[in-house]
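Take a look at the chain shown here. Then read on for a short tour.

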Amino acid sequence: MNYSEKYMRLALEEAEKALSRGEVPVGALLVTGDGQVFKDSNRTAELHLPQSHAECLVINAACAARGDWRLEDCTLYATLEPCVMCAGLILVSRIPNVVYGAWDKRFGAFGSVTNLLEMKHLNHYPEVKGGVLAEESAVLLKGFFRERRRRSGETVS
């Protein structure tokens, strides 16, 4: 197992924690150059804040712990392709490496719906790799939304 899969499995554990709390099952880890690991999962329903995505939470935690908004020696692992909000935060905090699992066909900002990396004149372009343990990530998400539709009476496909 390579590092991407090792850390993505930990992110999947975080996603399962979100699922157990009734949150959209997305987990994230931020690993610093000196080996510190920050991990969390979506908490938008719990905190009543739309910016409480797993990626934002781990980035904020790392910045607070380090006393710096620049995360130039870090790798972010997320079970779902970051949305525009999270991708923007990744760019601003200068995270050099991003690894994600499933593609987000509704909100993905690193290639699925839009690609912020195609914007010209940015001062930072992270290396982005998608599809790591994508099936495991997608299964959690599909199950969550299938159950949500079932409970609301929508037709499940």
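This report goes from the whole chain to its strands, and then to a few single residues.

## The whole chain

This is a predicted model. The chain holds 5 helices and 5 strands. Along the sequence, their order is α-β-β-α-α-β-α-β-β-α. So the pattern both starts and ends with a helix.

How does the radius of gyration of the chain agree with that of a compact globule? A compact globule of 157 residues would have a radius of gyration near 15 Å, and the chain has 15 Å, so the two agree. Along the principal axes, the C-alpha atoms fill a box of roughly 45 × 35 × 30 Å.

## Inside and outside

Of the 157 residues, 43% count as buried. Contacts also link distant parts of the sequence. Take the contacts in the chain with a separation of 6 or more: residues 24 or more positions apart account for 56% of them.

Now the surface. The chain exposes about 8400 Å². Carbon and sulfur atoms supply 52% of that area. The chain has 19 positive and 20 negative charges. The mean positions of these two sets are 4 Å apart.

## Strand 1 and its two partners

Strand 1 covers residues 27–31. Is strand 1 enclosed or open? Here 5 of the 5 residues are buried, so strand 1 is largely enclosed by the rest of the structure. Both of its faces are covered. On one side, G27, L29 and V31 are buried. On the other side, A28 and L30 are buried too.

Which strands pair with strand 1? One partner is strand 2, residues 37–41, which runs antiparallel to strand 1 and is joined to it by 5 bridges. V31 has V37 of strand 2 as its bridge partner. The two strands form a hairpin with 5 residues between them. In this hairpin, G35 takes a positive phi near 95°. Another partner is strand 3, residues 75–80. This pairing is also antiparallel, over 4 bridges. Across it, L29 stands opposite Y77, and A28 stands opposite A78.

## Strand 3 and strand 4

Strand 3 is buried as well. Here 6 of the 6 residues are buried, so strand 3 is largely enclosed by the rest of the structure.

Do strand 3 and strand 4 run parallel or antiparallel? They run parallel, and 5 bridges join them. L80 of strand 3 stands opposite A102 in strand 4. Strand 3 therefore pairs with strand 1 in the antiparallel sense and with strand 4 in the parallel sense.

## Two residues with a positive phi

Most residues other than glycine have a negative phi. R94 has a positive phi of about 65°, although it is not a glycine. R94 sits in the loop between helix 4 (84–92) and strand 4 (97–102).

L133 is another case. Its phi is positive, about 55°, and L133 is not a glycine. Where is L133 found? L133 lies in the loop between strand 5 (127–129) and helix 5 (134–152). Is L133 buried or exposed? Its relative accessible area is 12%, and buried means under 20%, so L133 is buried.

## Far in sequence, together in space

K6 lies in helix 1, residues 3–20. At 39% relative accessibility, K6 counts as partly exposed. How many residues separate K6 and L133 in sequence? They are 127 residues apart, yet their C-alpha atoms are 10.0 Å apart in space. L133 itself is buried, whereas K6 is partly exposed.

N60 gives another example. N60 is found in helix 3, residues 54–66. Its relative accessibility is 45%, so N60 counts as partly exposed. N60 and S93 are 33 residues apart in sequence. From C-alpha to C-alpha, they are 9.6 Å apart in space.

Methods:
Residues numbered from 1 in each chain as written. Predicted model: local features only at pLDDT ≥ 70, side-chain atom pairs only at ≥ 80, totals over all residues. Heavy atoms only, no water. Rg over C-alpha atoms; globule rule 2.2 N^0.38 Å. Buried < 20%, exposed > 50% of the residue type's maximum accessible area, 1.4 Å probe, protein only. Contact = heavy atoms within 4.5 Å. Areas by Shrake-Rupley, 256 points an atom, 1.4 Å probe, with all protein chains shown as cover. Lys, Arg positive; Asp, Glu negative; His and termini not counted. Charge placed at Lys NZ, Arg CZ, Asp CG, Glu CD.
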